[in-house]
Structure formats: structure tokens, C-alpha cells
2 protein chains.
Amino acid sequence: MSEHDPAPDPASPRRRGPYAKSAARRQHIVEQAYTVFASRGYHAGSLREIAAAAGVSLSSLQHHFSSKEELLVAVLARRDELGGGWSDSAARLPFAEHIVGQAEANRRIPGLIALYAVLSAEAVTAGHPGRDYFVDRYDGLRDAYTAEFTALREDGHLRDGVDPALAAATVIALWEGVELQWLYAPDRIDAPAALRAYLDLVLT
Amino acid sequence: MSEHDPAPDPASPRRRGPYAKSAARRQHIVEQAYTVFASRGYHAGSLREIAAAAGVSLSSLQHHFSSKEELLVAVLARRDELGGGWSDSAARLPFAEHIVGQAEANRRIPGLIALYAVLSAEAVTAGHPGRDYFVDRYDGLRDAYTAEFTALREDGHLRDGVDPALAAATVIALWEGVELQWLYAPDRIDAPAALRAYLDLVLT
């Protein structure tokens with residue numbers, strides 16, 4: 001990439017100026033970082049490599065991110081911002097529609113899905129700077145989905161014998177696992193269809 | 001580890017001698033390699049680091065494995081040997097029992113599960129030396145499981161409306177995804193129970 005400072009949006013004149021420029025550069029570095037981490041993993045990707053990909057000097061990068069750990073946390077936060085996380089605003093949609101719709105949207109961001117797959121596996125290791133993020137994220141997602149399945153059961157929409165907590169872990173596992181298969185075989189794997197089929201089985 | 005040449009099994013006198021010693025050293029290097037790859041990922045783990053972990057010189061390691069790619073393939077083959085792969089001998093067990101039993105057995109090998117999770121995600125990248133292995137492995141597993149679900153359907157044991165190919169992709173995805181959650185929360189996630197619950201839903 002030759003352009004490392006995206007032009008300010010002309011529709012947002014208030015975002016011009018040094019602050020906007022710095023924010024745009026920061027975001028550009030985060031985007032390059034997730035490309036590098038996605039292709040090489042967190043441990044193998046270096047700050048020097050990310051600076052080069054972003055077209056900035058190492059010291060300029062370090063002005064924005066004092067450590068690789070800080071950059072990783074920004075990359076993970078960016079993923080949540082782009083979707084894949086469970087948010088209160090999304091909860092206005094019925095649960096199953098939200099899940100399938102989000103899986104549809106993920107088709108547009110294979111690189112981010114790949115990065116997330118690498119990091120979520122790599123971060124299992126004790127001492128990995130992303131570990132706490134994933135422990136909290138899985139706990140939070142399971143809790144949120146368990147609450148949804150429990151509410152559906154109270155409304156008579158959960159198949160008899162289905163355990164809400166087990167169904168919550170299953171949806172998350174199936175989602176991540178089937179997206180990984182899709183990255184290898186995008187023409188043969190339909191992740192939203194797999195999620196829809198599971199939800200159709202457990203919801204009545 | 002200080003011992004890098006396991007003592008020959010006294011019950012197998014024919015395996016003594018230089019060939020047995022070389023085979024034992026080779027296997028020991030593979031075991032150290034998967035520990036290193038599991039904790040640091042394939043790209044970040046170096047041959048030098050693996051040689052140090054195995055207590056052998058770099059040139060001795062290179063006598064057994066001329067490249068890091070060759071070592072990766074040996075590590076993946078070792079995983080298949082230790083279980084997790086679908087084999088003809090396993091097919092004597094009913095399908096659902098085989099799946100759940102294998103998931104039970106995987107509880108004893110969290111490090112290998114973690115390595116496989118890292119590599120299967122990392123290898124999505126074009127040009128990764130493990131990519132072909134995973135493309136073939138997912139294709140082969142899906143084909144084998146699809147055949148099982150199809151046979152179960154012919155015997156009247158598949159719930160109406162369940163697609164054998166989608167169920168095959170789902171079992172694989174759920175399995176890998178829920179084992180990843182288990183690595184983060186071994187006291188809260190029961191991978192065999194999640195697989196059993198899904199199979200109970202689709203099989204009649």
C-alpha cells in the first residue's frame with residue numbers, strides 16, 4: 001500500500017486537522033496489524049513488519065502503540081467493532097436471526113475471521129497477552145447465549161431436553177468451526193446454513 | 001528434558017541397535033516440535049529452538065528433518081496416529097459412539113488439541129506448508145462422516161430433514177470449536193457431552 005493516510009471524509013469537515021489525521025493513522029496501523037497477525041500469527045508478526053506494511057516508521061508506530069500487546073488488544077477491539085460480538089443493540093433482532101445475519105455479514109471479512117481463528121487458538125497458551133481477552137469473550141458469549149436460550153425455553157420455543165448452556169456453547173463452537181472450514185473451502189461450506197439448521201433443530 | 005533418547009523397551013530386544021535409536025530420537029524430536037509449535041505457532045517456532053528443546057544439535061535435527069515443513073508434516077501425522085483421525089479400524093464402532101469416545105480420549109491430550117487448533121487456523125494462509133494437509137483432512141473427514149450419516153438415514157436412523165453433508169460439517173465444526181472452549185475453561189466445558197447432545201438430536 002502506498003497511501004497510508006486515508007483522505008479525510010469531505011462530509012465530516014470537523015474531523016480534519018491533526019487529531020483526525022492521527023486517528024486515521026492509528027486505525028490504518030491497526031488494519032495493517034491484523035493483516036500481518038492474520039497471515040503470520042501474533043508471535044511471528046513483528047512491530048517492524050507491521051510498520052513497514054503500514055508505510056510508517058517503527059518510531060511512528062510506537063508513538064501510537066507502545067507495545068505489541070497494546071496493538072493486539074486494539075486489533076481484537078476492532079474485530080468486535082466490525083461485528084461478531086454480541087451487543088445490546090443487536091439483541092433487538094430475534095436471537096436466531098441475529099446469529100444467522102451476523103454469519104452472513106462475516107462472509108465479507110474472511111481475513112478477520114482467519115485472524116480471529118489463529119489468535120483464539122494461539123492465545124490458549126499460558127502467558128499469551130490475548131488469553132484474558134478470549135477467556136472473557138467466551139464466558140461473556142456463553143452467558144449471553146445461555147440467557148437467550150433460557151428465555152426461549154420460558155416462552156416454549158426450546159425443544160424438550162435441550163440444555164440452554166450446552167446449546168450456547170454449541171452455537172459458538174459450531175459457528176467458529178464451520179467458518180474455519182469455510183476459509184478452506186468457500187465454495188463447499190455455507191456457515192449461515194449450518195447455523196440455521198442447528199437453530200431450527202433446537203428451536204420450535 | 002535431559003533424557004532425549006528414551007531407553008529401548010526391554011521387552012522388544014529386536015528394536016535395540018542403531019536403527020531403533022535413530023527412530024526413537026526422530027520421534028522425540030517430533031514430540032518436542034509439537035510442544036514448540038503448540039506454544040508458539042508454526043511460523044514462530046524455529047528449528048534451533050526445537051533442537052534445543054529436544055537436547056540435540058541443529059545438525060542432528062537436520063539429519064532427521066531437512067526442513068521445517070518436513071517436521072510439520074511429521075507432527076501432523078503424529079496427531080493422526082494418536083487419535084482424532086477417522087480410521088477404518090475405528091469404523092467397527094457405531095458412528096456416534098466412535099465420535100464421543102474419541103472426544104473422551106482427547107481429554108488426555110490438551111497440548112495436541114491446542115497445537116492442532118493453532119495450525120489449522122494458521123495454515124489457512126495461502127502458501128502455508130500445512131495448507132494442503134488441512135484441505136485434504138477436512139475434505140476427507142466430511143466425506144467419511146457424510147457417508148456415515150447417509151447410511152444411518154438409509155437405516156431410518158436420521159431425523160427427517162437433516163442433511164447428511166451439513167450434519168457432517170457440523171459435527172466436525174462443533175467438535176473442534178468446543179474443544180477450543182474446553183482448553184480455555186476445562187472445568188466448565190464438556191466436549192463429549194456437547195457432541196453427544198448434537199448426535200442425540202439428529203439420530204433417532
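These are my notebook entries on a predicted model with chains A and B.

**Entry 1: chain A as a whole**

I started with the fold of chain A. I counted 9 helices and 0 strands there, so to speak an α-α-α-α-α-α-α-α-α run from the N terminus on. Next I looked up burial, and 49% of the 204 residues in chain A are buried. I also checked how far apart in sequence the contacting residues of chain A lie. Among contacts with a separation of 6 or more, 65% join residues 24 or more positions apart. The surface came last: chain A exposes about 9600 Å², and carbon and sulfur atoms supply 52% of that area.

**Entry 2: where the chains meet**

Then I turned to the contact between the two chains. I found 45 residues from chain B and 45 residues from chain A taking part. Together the chains bury about 3500 Å², with 66% of this area on carbon and sulfur atoms. Which three residues supply the most of the area that chain B buries against chain A? They are B:Gln181, B:Tyr184 and B:Leu201, which supply 21% of it.

I also listed the polar side of the contact. There are 10 residue pairs in polar contact between chain B and chain A. On the chain B side, the helices that each supply at least two residues are H1 (18-44), H6 (110-122), H7 (131-154), H8 (164-184) and H9 (191-202). The largest share comes from H8(B), with 13 residues. Sorted by class, the side of chain B that touches chain A has 30 nonpolar, 7 polar and 8 charged residues.

**Entry 3: salt bridges**

I searched the whole structure and got 12 salt bridges over all chains. Across the interface of chain B and chain A, I found 2 of them.

One pair that I looked up is B:Arg188 with A:Asp139, whose closest N and O atoms are 2.6 Å apart. B:Arg188 sits in the loop between H8 and H9 of chain B, while A:Asp139 belongs to helix H7 of chain A. Are these two partners buried or partly exposed? B:Arg188 is partly exposed at 48% relative accessible area, and A:Asp139 is also partly exposed, at 21%. I noted that A:Asp139, A:Arg142, B:Asp187 and B:Arg188 are linked in a network of salt bridges.

Within chain B, I checked two more pairs. B:Arg107 forms a salt bridge with B:Glu104, with 2.5 Å between the closest N and O atoms. Both ends are partly exposed: B:Arg107 has a relative accessibility of 36%, and B:Glu104 has 37%.

The other pair is B:Arg142 with B:Asp139, where the closest N and O atoms are 2.8 Å apart. How are these two placed along helix H7 of chain B? They are 3 residues apart, which means that about one helical turn separates them. B:Arg142 is buried, with 8% relative accessible area, whereas B:Asp139 is partly exposed at 21%.

**Entry 4: A:Arg142**

A:Arg142 caught my eye as a member of the network above, and I looked at its surroundings. Its place is in helix H7 (residues 131-154) of chain A. Why does A:Arg142 count as buried? Its relative accessible area is 8%, and the cut-off for buried is under 20%.

The side chain of A:Arg142 makes a polar contact of 2.8 Å with the side chain of A:Asp139. A second polar contact, also listed at 2.8 Å, goes to the side chain of B:Gln181. B:Gln181 is one of the three residues named in Entry 2 for buried area.

I then listed the contacts of A:Arg142, leaving aside neighbours within four places in sequence. From chain A they are A:Ala168, A:Ala169 and A:Ile172. From chain B they are B:Gln181, B:Ala185, B:Arg188 and B:Ile189.

**Entry 5: A:Arg159**

My last stop was A:Arg159, in the loop between H7 and helix H8 (164-184) of chain A. At 26% relative accessibility, A:Arg159 counts as partly exposed. A polar atom of the A:Arg159 side chain lies 2.6 Å from the backbone oxygen of A:Leu201.

Which residue, 45 residues away along the chain, has its C-alpha atom 5.9 Å from that of A:Arg159? The residue is A:Thr204. Not counting residues up to four places away in sequence, A:Arg159 touches A:Leu201, A:Val202 and A:Thr204 in chain A. Across in chain B, A:Arg159 touches B:Arg159 and B:Leu201.

Methods: Residues numbered from 1 in each chain as written. Chains lettered and ligands numbered in written order. Predicted model: local features only at pLDDT ≥ 70, side-chain atom pairs only at ≥ 80, totals over all residues. Heavy atoms only, no water. Contact = heavy atoms within 4.5 Å. Buried area = accessible area lost by both parts, 1.4 Å probe. Salt bridge = Lys/Arg side-chain N within 4 Å of Asp/Glu carboxyl O. Polar contact = N/O pair within 3.5 Å; in protein donor to acceptor, adjacent residues only side chain to side chain. Helix = DSSP H or I, 4+ residues; strand = E, 2+ residues; numbered from the N terminus. Nonpolar A, V, L, I, M, F, W, Y, C, P; charged D, E, K, R; others polar. Buried < 20%, exposed > 50% of the residue type's maximum accessible area, 1.4 Å probe, protein only. Areas by Shrake-Rupley, 256 points an atom, 1.4 Å probe, with all protein chains shown as cover.
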